[in-house]
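Work through the following exercises with the sequence and the model side by side. Each task is followed by a solution that goes step by step.

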Amino acid sequence: MKINLSASVFVILMFAAFNTSAQNVTRISRDVACTVNDGYAMSDVVEFARNIDWSDDMAPNGLFFREAFAASGDFQYNWDFVISGLYESFQNMASKVTAQRSRAGGREGASLSDMMTCGPRARVSLIIRVNSAEDLFEDSETVAMATTSCSLNDGTVADAIARASQIGQNLNAYTSVSNRFFGGPVPESPEVGIRIIFPSGEFGSSMDSAIAGGPPNQPDDGLECRGGSLWFLHRIHSAD
């Protein structure tokens with residue numbers, strides 16, 4: 001019964017995403033959790049990664065390190081950050097991963113693996129862009145990012161997109177909805193994530209303005225969102 005339930009949840013999320021993403025720009029995200037090895041700091045890892053000559057044939061279109069500042073749940077007991085690679089499509093991801101796995105072995109000098117240790121389990125999600133923003137990294141290669149998980153309950157992915165859009169307007173931030181397809185724990189019911197990225201230097205003023213405006217009206221969309229997390233989002237590589 002649990003296998004059947006899990007399969008049903010996957011099918012519901014997959015077709016819901018296909019039905020709602022046609023009018024939105026989408027990307028594919030592969031995320032994996034990592035820790036910084038002893039003797040190094042997060043700043044060392046970020047600086048080293050930014051200085052790598054990333055190959056267009058193998059590297060994601062966008063590569064980001066999401067450093068935990070105040071993560072919900074047990075994340076910070078076990079991990080320091082998340083590596084997030086963004087691809088244009090599943091085909092784009094498949095071709096680049098194939099090229100990476102086919103490269104010759106061996107290395108010269110230091111590598112990122114000397115500085116960090118990553119877990120064996122990755123998650124692959126469809127990212128549905130909702131609110132766009134001006135250049136998020138105009139003044140800095142590191143910005144603030146907030147995330148939350150939402151059970152759909154009687155709501156839909158379209159409802160999650162509408163809520164993310166409202167959040168983006170209220171906070172003057174870029175928002176997207178993440179719809180996990182593969183990896184990670186099996187949810188008991190369909191759920192999505194909402195990602196909120198603040199333009200460089202705007203996190204504090206946006207949050208203070210939102211608080212000063214009073215509590216927002218609770219949408220009657222059936223979604224139950226919980227466990228907000230706050231991150232430093234470091235841009236490592238971008239081909240766009």
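Helices (H or I, at least four residues) and strands (E, at least two) are DSSP runs, numbered from the N terminus. The model is a predicted one, in which local features need a pLDDT of at least 70 and side-chain atom pairs count only at pLDDT 80 or more, while totals for chains, interfaces and linings use all residues. Residues are numbered from 1 along each chain as its sequence is written, and side-chain values use heavy atoms, with hydrogens and water left out.

**Exercise 1. Establish the order of the elements and the confidence of the model.**

Step 1: the protein has six helices and eight strands, and from the N terminus on these run α-β-α-β-α-β-α-β-β-α-β-β-α-β.

Step 2: the pLDDT, which is the predictor's confidence in each residue on a scale from 0 to 100, averages 86 over the protein, and 86% of the residues score at least 70. Over residues 1-12, however, the pLDDT is below 50, and beyond near neighbours in sequence this stretch has nine contacts in the model, a contact meaning heavy atoms within 4.5 Å.

**Exercise 2. Find the disulfides, and state which parts of the chain each one links.**

Step 1: with a disulfide taken as a pair of cysteine sulfur atoms within 2.5 Å, a search of the whole structure finds two. When the bonded cysteines are numbered in sequence order, the pairing is 1-2, 3-4.

Step 2: Cys34 and Cys118 form one disulfide, with their sulfur atoms 2.1 Å apart. This pair links distant parts of the chain, since Cys34 lies in strand β1 (residues 26-36) and Cys118 in strand β4 (residues 116-131), 84 residues apart. The torsion about their S-S bond is about 95 degrees, so the disulfide is right-handed.

Step 3: Cys150 is joined to Cys225 by a disulfide with an S to S distance of 2.0 Å. Here too distant parts of the chain are linked, Cys150 being in strand β5 (residues 142-151) and Cys225 in strand β8 (residues 224-238), 75 residues apart. With a torsion of about 105 degrees about the S-S bond of Cys150 and Cys225, this disulfide is right-handed.

**Exercise 3. Which of the bonded cysteines are buried, and which are partly exposed?**

Step 1: buried means under 20% relative accessible area, exposed means over 50%, and partly exposed lies in between (1.4 Å probe, protein chains only).

Step 2: Cys34, at 0%, is therefore buried, whereas Cys118, at 33%, is partly exposed.

Step 3: Cys150 is buried because its relative accessible area is 0%, while Cys225, at 29%, counts as partly exposed.

**Exercise 4. Describe the surroundings of β5.**

Step 1: eight of the ten residues of β5 are buried, so the strand is largely enclosed by the rest of the structure.

Step 2: two strands pair if DSSP finds at least two bridges between them. β5 and β8 pair in the antiparallel sense over nine bridges, with Ser149 opposite Arg226 in β8.

Step 3: β5 also pairs with strand β7 (residues 191-197), in the antiparallel sense over seven bridges, and Ser151 stands opposite Glu191 in β7.

**Exercise 5. Which residues of helix α2 (residues 42-50) are buried, and what covers them?**

Step 1: the buried residues of α2 are Met42, Val45, Val46 and Ala49.

Step 2: what covers these residues includes β1, β2 (62-70), β3 (81-87), β4 and β8.

Step 3: on the other side of α2, Ser43 and Glu47 are exposed.
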